[in-house]
Amino acid sequence: MAAITKSPWIIHYDGSSCNGCDIEVLACLTPMYDVERFGIINTGNPKHADILLITGAVNAQNIPVVRQIYDQMPSPKIVVAIGVCAANGGVFKECYNIAGGVDRVIPVDVYVHGCAARPESIIDGVVKGLGVLAEKQAALASGETDPDVSGAYLFDPVSYAEKGDIENGDAEGAKDRSEAEEEAAK
Amino acid sequence: MFVFYGDTISLFQVLSLVLYLVLAPFAGGLIAGIDRKVTARMQGRVGPPIVQPFYDVAKLWKKEPVTVRTGAQDFYVLCCLIFMIIAGSFFFFGFNLLMVIFTLTTASIFLVIAGYSSNSPYAQIGAERELLQMMSYEPMVLLTAVGFFMVNSSFNSATILTSPYLSIQYMPGLFIGLVFVLTIKLRKSPFDLSMSHHAHQELVKGLTTEFSGRTLAQLEISHWYENIMLLGFVFLFFTNGSWLMVIVGIVVVIVVYFVEILIDNVCARMKWQFTLKSAWIITLIFGGGNLFVLYYLRGYLWMASQYQ
């Protein structure tokens, strides 16, 4: 078995979550669940991490941060979206500033459901992700190009907001915004 | 036994050097694994398997290299590993303890430069703290070497190993001082300022924040080599050429390491001011005091021998 499945290091990011799932993620580290049994360490450093755990629906201000963290992680890497919000926006889906799920911003490999997700299902999701991680490592070793770059998922918050304006019948607002940007560019 | 540039070299020296080079990474990795297991048990957890550090290094070795300053940083970390191996080799080959300590310092300095060479503020503050830690432990380590010389009339670890004097009898203060600074050297709380094994300190991962993949693996291996050598230093206190003391020495090494793990688990991290002050006070009282006594003891014994 590949060593990477025996030593998956984690970074956890709160993409505008309500903190419910975050607390459950931290609960996995406690003596009750003790994920270090599986060699899992919460690193807090993207350059050491193999698995990115994201909670929350990701808002417009999070987007560059999420991409930054994701791009700083060395391949092979996977993303586990935790909770309903991270899957599709959950109760925040209709909010003006919400991207509506982590997969709008970066590629996601495993979705963990629940509101809030239970520690058992988070551990289950991470363990499912290990299989993906091993596949990715094998693919990289056989010379395939790395598909895991956030650039493939260009989600532009400004154009999204414009789109939102137009969808909501606020074409004027979208026009004003683009004019203001042109002004700023000059 | 053969002669090399005027020095006689025994087969035992060559054997221990080869054993160190080959076995130290395995022993060091196992100790790190046992460390994590014992730590987990102390915290009421199950803990990772004992071979977990090997999984970690094997994984890191295959990760994508993402160093920002590829040329500089990776080279410095590699130098750190190489000089660490050289320092340990000197020690287990029976060379001069001062040479061992200065080579060890060179290795640590390369690590500090590697931290400084990245643009990350976390790594840079980590590097500064690493320098402060070096300032804290270095005097004590040097005094220990001086103590070994005063007792055994030689700086060579091979001579100290086989000399009939049991060093701990004459330098208990230096032993206490060395065990104290060993907490800094082994990167245990309350002195794990520059980098921590535990998650989410204020500096992310401190000095190692910008290291990843193979570079981080090299650093980990250099720690394994370093730890074995440091435990060798502890062992050297308990040698007088007899096999009984070899067993006693090994038992003491195990006890010392267990105490370090215990200290790690019952202490919170302190500020660098505390580290520097406490280390220097301990150095002065236990190290300096012990040397002071040794100095007069030697003079007294010399005088006694003149009047016979």
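Cys18(A) is exposed, with a relative accessible area of 59%; exposed means over 50%, buried under 20% and partly exposed in between, using a 1.4 Å probe and protein chains only. Cys18(A) is in no disulfide, and the nearest cysteine sulfur, that of Cys115(A), sits 6.1 Å away. A disulfide here is a pair of cysteine sulfur atoms within 2.5 Å, and by this rule the count is 0 over all chains.

This is a predicted model, where local features need pLDDT of at least 70, side-chain atom pairs count only at pLDDT 80 or more, and totals for chains, interfaces and linings use all residues. Residues are numbered from 1 along each chain as its sequence is written, chains are lettered from A and ligands numbered from 1 in the order in which they are written, and side-chain values use heavy atoms, with hydrogens and water left out.

**The other cysteine**
- Cys115(A) is in no disulfide either, and its nearest cysteine sulfur is that of Cys85(A), 5.9 Å away.
- Cys115(A) is exposed too, at a relative accessible area of 73%.

**Chain A overall**
- Chain A carries 6 helices and 5 strands; these are DSSP runs numbered from the N terminus, with helices being H or I of at least four residues and strands being E of at least two.
- Reading from the N terminus, the elements go β-α-β-β-α-β-α-β-α-α-α.
- Chain A has 186 residues, and 48% of them count as buried.
- Of the contacts in chain A with a separation of 6 or more, 79% link residues 24 or more positions apart; a contact means heavy atoms within 4.5 Å.
- About 8700 Å² of chain A is exposed, and carbon and sulfur atoms supply 56% of that; the areas come from the Shrake-Rupley method with a 1.4 Å probe, and for residues only the protein chains shown count as cover.

**The sheet**
- In chain A, 5 strands make an open sheet in the order β2-β1-β3-β4-β5, with parallel pairing; two strands pair if DSSP finds at least two bridges between them.
- At the edges are β2 (41-42) and β5 (110-112) of chain A, each pairing on one side only.
- Strand β1 (residues 9-14) of chain A pairs with β2(A) in the parallel sense over 2 bridges, and Trp9(A) stands opposite Ile41(A) in β2(A).

**Helix α4 of chain A**
- Helix α4 (residues 119-141) of chain A has 23 residues that should span 33 Å at 1.5 Å a residue, and its end C-alpha atoms are indeed 33 Å apart; the expected span is 1.5 Å times one less than the number of residues.
- Its buried residues include Pro119(A), Ile122(A), Val126(A), Leu130(A) and Lys136(A).
- The buried residues of α4(A) pack against β1, α1, β3 (51-55), β4 and β5 of chain A, together with α2 (52-62) of chain B.
- After α4(A) comes Gly143(A), with a positive phi near 95°.

**Backbone oddities**
- A cis peptide bond joins Ser75(A) and Pro76(A), with omega about -10°, and Pro76(A) lies in the loop between α2 (63-72) and β4 (78-82) of chain A.
- Chain B has a cis peptide bond from Ser189(B) to Pro190(B), omega near 5°, and Pro190(B) is in the loop between α8 (172-185) and α9 (213-236) of chain B.
- Asn19(A), in the loop between β1 and α1 (20-27) of chain A, has a positive phi near 85° without being glycine, and counts as partly exposed at 39% relative accessibility.
- Arg187(B), in the loop between α8 and α9 of chain B, also has a positive phi, near 60°, but counts as buried at 7% relative accessibility.
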